[in-house]
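This report looks at a metal site, at nonpolar packing and at one lysine within a single chain. The sequence and the structure come before the discussion.

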Amino acid sequence: MVIRGSARVTCPSCGAKHDGELVQSINTQTNPKDKARLLAGDLNVLACACGKRTQLAANVLFHDPDAQYYCQVVPGGDRAMDEAAAAFAASGVSGTLRLVPSLNALVEKVKLLDAGLEDWAIEMTKVLLLASISPVGAGPPGPMIGGEIDRVLLFDAIDRDAQTLRWVIFDEDGRTPERVSSPLLAYEKLATRTHGRPPDTEFRVDRAWATEAVRKMVVESN
Ligand SMILES: [Zn+2]
């Protein structure tokens, strides 16, 4: 089943009113086109005649039946997340279930799924990568440097020939995207620590989860 709705939206740039189409569920078997639009950044975007493109916030449930994978976009903060988590837990659905706060976060999850990468090990890789970035003038890199650990770092692609992961990193203000790469091996080492895999009841595998997971790993190894 595909859920589509529409929303009356005002363009924040010119004030024109539109009826924007909202896709609220994506099934990769029955609606591969919606998945393609999601990955292209064209899903639930209001494109106004004035040239302004606005991302519409909406609950979107992504389902890949082949991978037994569900991921729901839940805008609206922690309370909405908690409610969605309770609904997931009560659904009795088996497979991988994830909750994310934005469509961008869903895009990253879908790219990881398609690349055959474990999102939890990727999130841990990000924390270690960010921790290794030394702020200018702050001395040698150390663990969990304040500020850096909060930077937005998004998975972009895997290059198996070059044995690297490609990322897009943003500055402290979330702007100025820059491309970086890292050795695939660092990720693989984390992914083979299967006891580090979150339980099926862990729906939010994000930076906060990974920061805690890396902290536990460091404690274990000491
Ligand atoms: Zn406009």
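Leaving aside neighbours within four places in sequence, which residues is Lys-126 in contact with? In this predicted model, Lys-126 is in contact with Glu-108, Leu-153, Leu-154, Trp-167 and Arg-207, once those sequence neighbours are set aside. Lys-126 has its place in helix α4, and because its relative accessibility is 3%, below the 20% limit, it counts as buried.

Helix α4 also matters for the description of the nonpolar packing. The largest nonpolar core has 25 residues, of which Leu-117, Ile-122, Met-124, Phe-155, Leu-165, Tyr-187 and Trp-209 touch the most other members. Two or more residues are given to this core by each of the elements α3 (103-115), α4 (119-131), β9 (153-159), β10 (164-169), α5 (184-191) and α6 (207-221), and the largest share, 6 residues, comes from α4. For Met-124, again leaving aside neighbours within four places in sequence, the residues in contact are Leu-190, Arg-193, Trp-209, Ala-210, Ala-213, Val-214 and Met-217. Separate from this core is a second one of 20 residues, which includes Leu-38, Leu-56, Tyr-69 and Ala-105. In soluble globular proteins, nonpolar side chains tend to be buried together.

The metal site involves cysteines. The zinc ion has as its protein donors the SG atoms of Cys-11, Cys-14, Cys-48 and Cys-50, which lie 2.3 Å from it, and the angles among these 4 donor atoms, 104 to 112°, make the site tetrahedral. Along the sequence, the donor residues follow the spacing C-x2-C-x33-C-x1-C. Cys-14 belongs to the loop between β1 (4-10) and β2 (17-23), whereas Cys-48 belongs to the loop between β4 (45-47) and β5 (53-55), so this pair ties together parts that are 34 residues apart in sequence. As for cysteine pairs bonded to each other, the structure holds 0 disulfides.

The relative accessible areas of three of the zinc donors are set out below.

| Residue | Relative accessible area | Class |
|---|---|---|
| Cys-11 | 2% | buried |
| Cys-14 | 44% | partly exposed |
| Cys-48 | 9% | buried |

Cys-14 is therefore classed as partly exposed, since its 44% lies between the limits of 20% and 50%, while Cys-11, at 2%, is buried, and Cys-48, at 9%, likewise counts as buried.

How values were computed: Residues numbered from 1 in each chain as written. Predicted model: local features only at pLDDT ≥ 70, side-chain atom pairs only at ≥ 80, totals over all residues. Heavy atoms only, no water. Core = buried A, V, L, I, M, F, W, Y, C linked by side-chain atoms within 4.5 Å. Buried < 20%, exposed > 50% of the residue type's maximum accessible area, 1.4 Å probe, protein only. Helix = DSSP H or I, 4+ residues; strand = E, 2+ residues; numbered from the N terminus. Contact = heavy atoms within 4.5 Å. Disulfide = S-S within 2.5 Å. Donors = N, O, S within 2.8 Å, 3.2 Å for Na, K, Ca; no water. Tetrahedral: all angles 85-135°; square planar, octahedral: opposite > 155°, others 65-115°.
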